[in-house]
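Trainee: Could you take me through one part of this model in some detail? I'd like to see how it fits with what lies around it.

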Amino acid sequence: AGGERTMNLYLRLFWLLLRYRFQSRLEFTDALARPMRVMPGDLDVNGHVNNGRYLTLVDLAIVELFLRSGVLIKAWRQGWRPMIGASMITYRRGLKPFAHYTLRFHLQSWDERWNYFRFDFVHEGNVAAAGFAKGAMVGRNGWIKNAEGDRRLGIERGAVAHSPALRHWIAAEQAFASEFAR
């Protein structure tokens, strides 16, 4: 089952790479809504989407947003690469085999270093799973501050405030990460 799962993801990535050039361009701050279907390789022994698969599908959404906005190619030219620093997900309803759903993904807010993305898996109008991921650009000498990255990558964004849920997650994630700094 592991090989089939991996092949399924490579096929999805390959399909994404083929089709992104034919889709409308997105700004880095635009929302992405990707209609999808649960495939057999997405399932766990309980017959619904495996908990780890959700975050793998979020990775594909990240790649799509970065490609369609042009940020990924520009970053590579700078010698940078996008990296995820943390994620949090909550599961509300199971997604069954062959179910159609929409993965909604967007940049919700940011700070000096991190970009905070919100994602939702929506099936028949109900959220099946939702969460946050934080990411940043990394260069040869470490993390790239958003102000420098925006300037060099041509990203325009104004001021934004974190939502209450995101502020709570940031605080919890920082508290958890501090345990490893000892």
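Which element gives the most to the lining of the largest cavity?

Mentor: That would be H5, with 4 residues. Keep in mind that this is a predicted model. The cavity itself holds about 30 Å³ of space, and the count of cavities of 30 Å³ or more comes to 1. Its lining is made up of Trp114, Tyr116, Lys134, Trp169, Ile170, Glu173 and Gln174.

Now to H5 itself. The helix covers residues 164-178, and with 15 residues at 1.5 Å each it should span 21 Å; its end C-alpha atoms are 21 Å apart, so the two values agree. Its buried residues are Leu166, Trp169, Ile170 and Glu173. They take up an arc of only 100° around the axis, which means they sit on the same side of H5. That fits the usual helix geometry: an α-helix has 3.6 residues a turn, so residues three or four places apart point the same way. Trp169, Ile170 and Glu173 turn up again here, since they are buried and also line the cavity. As for what covers the buried residues of H5, the list includes strands E2 (81-91), E3 (100-110), E4 (115-123) and E5 (126-139).

Some of those strands lead us on to the nonpolar core. The largest one has 39 residues, of which Phe66, Phe105, Phe119, Phe121 and Met137 touch the most other members. At least two residues of this core come from each of strand E1 (32-37), helix H2 (51-68), helix H3 (71-78), E3, E4 and E5. H2 supplies the largest share, 9 residues. Apart from this core lies another, of 8 residues, including Ala86, Tyr116, Phe132 and Ala136. You've met Tyr116 already, in the lining of the cavity.

Phe66 deserves a second look. Setting aside its neighbours within four places in sequence, Phe66 is in contact with Phe28, Val71, Leu72, Pro82, Phe117 and Met137. Several of these names come back at the largest pocket, which has a volume of about 400 Å³. Of the 29 residues lining this pocket, Ile62, Phe66, Leu72, Pro82 and Met137 are the closest to its centre. H2, H3, E2, E4, E5 and helix H4 (146-153) are the elements that give two or more residues to the pocket lining, and H2 has the largest share, 5 residues. To sum up, H5 gives the most to the lining of the largest cavity, while H2 gives the most to that of the largest pocket.

Note on methods. Residues numbered from 1 in each chain as written. Predicted model: local features only at pLDDT ≥ 70, side-chain atom pairs only at ≥ 80, totals over all residues. Heavy atoms only, no water. Expected span 1.5 Å × (residues − 1). Buried < 20%, exposed > 50% of the residue type's maximum accessible area, 1.4 Å probe, protein only. Arc of directions from axis to C-beta. Contact = heavy atoms within 4.5 Å. Core = buried A, V, L, I, M, F, W, Y, C linked by side-chain atoms within 4.5 Å. 1 Å grid on protein atoms, 1.4 Å probe; cavity = no way out; pocket = protein on both sides within 12 Å on 5 of 7 lines; lining within 4 Å. Points joined across faces, edges and corners; volume = space filled by probe spheres on them.
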